[in-house]
Amino acid sequence: MTDIAQLGIKIEASDIKKAVSELDRLEKQGKKTESRAKKLRKSFNGLGTAIAALGVVVLTKKLINQVSVYQSLTNKLKLVTSGTEQLAQVQESLFDVAQDTRASYEATIDLYSRLARSTEQLGLSQTDLLGITEAVNQAVAISGVQAASASAALFQLGQGLAADALRGQELNSVMEQTPRLARAIADGLGVEIGALRDLAAEGA
């Protein structure tokens, strides 16, 4: 009976010893896990700081680029406007035109400024120039092209206006990417759209 009781005590003691050992192991494992978690957390914090810093750099560059673009556009308009008041009026009007026709503000200003320079000898008013700019933008919109293609076509048209001749690459871009605009040009000249290339080749 005593041996059985002692055996029971030994078994219980053995179980307790194993349990304590297991608890020690779990505690050590827990400390390791906690240590790893702290290191991981520290790494993520460092990564977060780095990403935040990178974000600030990228944002700063974007802001600088936007300021640079805005200044460039303003300078273009200064060349074809008289005084600060008219500059502000034209900027506001062109912004409205770009919004109403869903066109690029940058491309709209570029078109207006090129129109103003190329038609200077015609004595067109500010209202006339704004009306032509809006009409061109609307023709581009009706053509149903994507923004990038529309901007490219307007740029090429502006190049042609600056050179006082729409031919070659400029004409091809307008005809292929903005067919409604090409149609408007043909209608204005009183010819079929297919005759535009012939006229361009003649320097007309």
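Begin by selecting Val-80, Thr-81, Ala-116, Leu-124 and Leu-129, which among the 14 residues lining the second largest pocket are the ones that lie nearest its centre. The model on the screen is a predicted one, and the pocket around which these five residues are gathered holds about 190 Å³ of space.

Next, colour the helices α3 and α4, since these are the elements that give two or more residues to the lining of the second largest pocket. Of the elements that take part, α3 gives the most, with 3 residues. If you then colour the lining of this second pocket by residue class, you should find 6 nonpolar, 6 polar and 2 charged residues.

Now move to the largest pocket, whose volume is about 620 Å³. Select Leu-157, Leu-161, Leu-166, Ile-185 and Leu-189, which are the closest to the centre of the largest pocket out of the 28 residues that line it.

Which helices should be shown around this space? Display α3 (105-118), α4 (126-142), α5 (147-162), α7 (179-189) and α8 (196-201), each of which supplies at least two residues of the lining of the largest pocket. Keep α7 highlighted while you turn the view, for α7 provides the largest share of that lining, namely 5 residues.

Finally, apply the colouring by residue class to the lining of the largest pocket, where 20 residues are nonpolar, 6 are polar and 2 are charged. With both pockets displayed together, α3 and α4 can be followed from one to the other, as they each contribute at least two residues to the lining of the largest pocket and two or more to that of the second largest.

How values were computed:
Residues numbered from 1 in each chain as written. Predicted model: local features only at pLDDT ≥ 70, side-chain atom pairs only at ≥ 80, totals over all residues. Heavy atoms only, no water. 1 Å grid on protein atoms, 1.4 Å probe; cavity = no way out; pocket = protein on both sides within 12 Å on 5 of 7 lines; lining within 4 Å. Points joined across faces, edges and corners; volume = space filled by probe spheres on them. Helix = DSSP H or I, 4+ residues; strand = E, 2+ residues; numbered from the N terminus. Nonpolar A, V, L, I, M, F, W, Y, C, P; charged D, E, K, R; others polar.
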